[in-house]
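Biologist: Please take a close look at one helix of this model, covering its ends, its burial and what surrounds it. I am new to the structure, so please explain each term when it arises.

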Amino acid sequence: MGVDVERVPVARLIENLEKIAKDNPINVEALLNLGRAHGMAYAQKSDPLTVPKAYHGIEPPAVPFGTVKTAADATLGAAAQVHLEAALKAYKQALELDKDNLVIRLGLAWLTEQAGRKDDAVKQYRTIATDAWEKEKSLTMVGLGGRTLTGEVASYLVPLLDAEKDKREIETLKDHVATMGKLPY
């Protein structure tokens, strides 16, 4: 159980995904994957990228970027910023085509946070948390590995909230995550 990964040169990955998106500009999945590739390049700040090839026994996260690494040098740092902007652009284009897609909205919120716009990201996360809970609260089981959007958005939102001022909201989010955690998969 786990994730098979492979190392792929950034330029090759981006070039292939840009071609797919250009050939079919209304393909939401192509734009999402292009945004994800740029997001991974931003987060990993390395070339080649380590990308998931296959998931075994678990559901992939909606935001598959992992931990944001520090750039080894100024060149990689500058390239990472270019990838962040390109990821934001691709996610926004995908969202224009599918405004209700929670995965796209969550990726965009995460990228917004990474771009230093914490207040905007918190607003987005809050809306996504509400919408994800509405969608998932009646589930009787969850996918392999127990991953839910409710849990994932809470993992990004709670650390950004004020422990005292937002105490009730944090408790509610944790209750929702606990409820989802009790479901079989």
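Modeller: A residue is called buried when its relative accessible area is under 20%, exposed when over 50% and partly exposed in between, using a 1.4 Å probe and protein chains only. This is a predicted model, in which local features need pLDDT of at least 70 and side-chain atom pairs count only at pLDDT 80 or more, while totals for chains, interfaces and linings use all residues. Residues are numbered from 1 along each chain as its sequence is written, and side-chain values use heavy atoms, with hydrogens and water left out. Helices (H or I, at least four residues) and strands (E, at least two) are DSSP runs numbered from the N terminus.

The part chosen here is helix H3 (74-97). At its N-terminal end, Asp73 acts as a cap, with a side-chain oxygen 3.0 Å from the backbone nitrogen of Thr75. Such a polar contact is a pair of N or O atoms within 3.5 Å, one able to donate a hydrogen and the other to accept it; residues adjacent in sequence count only if both atoms are side-chain atoms. The 24 residues of H3 should span 34 Å at 1.5 Å a residue, and the 35 Å between its end C-alpha atoms agrees with this. The expected span is 1.5 Å times one less than the number of residues.

Which residues of H3 are buried? They are Ala80, His83, Leu84, Ala87, Leu88, Ala90, Tyr91, Ala94 and Leu95. An α-helix has 3.6 residues a turn, so residues three or four places apart point the same way. The buried residues of H3 pack against H1, H2 and helix H4 (102-114), where contact means heavy atoms within 4.5 Å.

H3 also borders the second largest pocket, which holds about 210 Å³ of space. A pocket is an open set of points on a 1 Å grid over the protein atoms alone, with protein on both sides within 12 Å along at least five of seven lines; a 1.4 Å probe is used, and lining residues have an atom within 4 Å of a point. Grid points are joined across faces, edges and corners, and the volume is the space filled by probe spheres set on them. The lining consists of Glu18, Ala21, Lys22, Pro25, Leu31, Leu34, His38, Ala86, Lys89, Ala90 and Gln93. Two or more of these residues come from each of H1, H2 and H3, and H3 gives the largest share, four residues. Ala90 thus appears both in the lining and among the buried residues of H3. By class, the lining has six nonpolar, two polar and three charged residues; Ala, Val, Leu, Ile, Met, Phe, Trp, Tyr, Cys and Pro count as nonpolar, Asp, Glu, Lys and Arg as charged, and the others, Gly among them, as polar.

H2, one of the partners of H3, has 17 residues and reaches 24 Å between its first and last C-alpha, close to the 24 Å expected. Of those 17 residues 15 are buried, so H2 is largely enclosed by the rest of the structure. Asn27 caps its N-terminal end, a side-chain oxygen lying 3.0 Å from the backbone nitrogen of Glu29. After H2 comes Lys45, whose phi is positive, near 50 degrees. Lys45 belongs to the loop between H2 and S2 and is buried, at a relative accessible area of 13%. Pro48 lies in the loop between H2 and S2, and the peptide bond leading to Pro48 from Asp47 is cis, with omega near 10 degrees. Most residues other than glycine have a negative phi, and most peptide bonds are trans.
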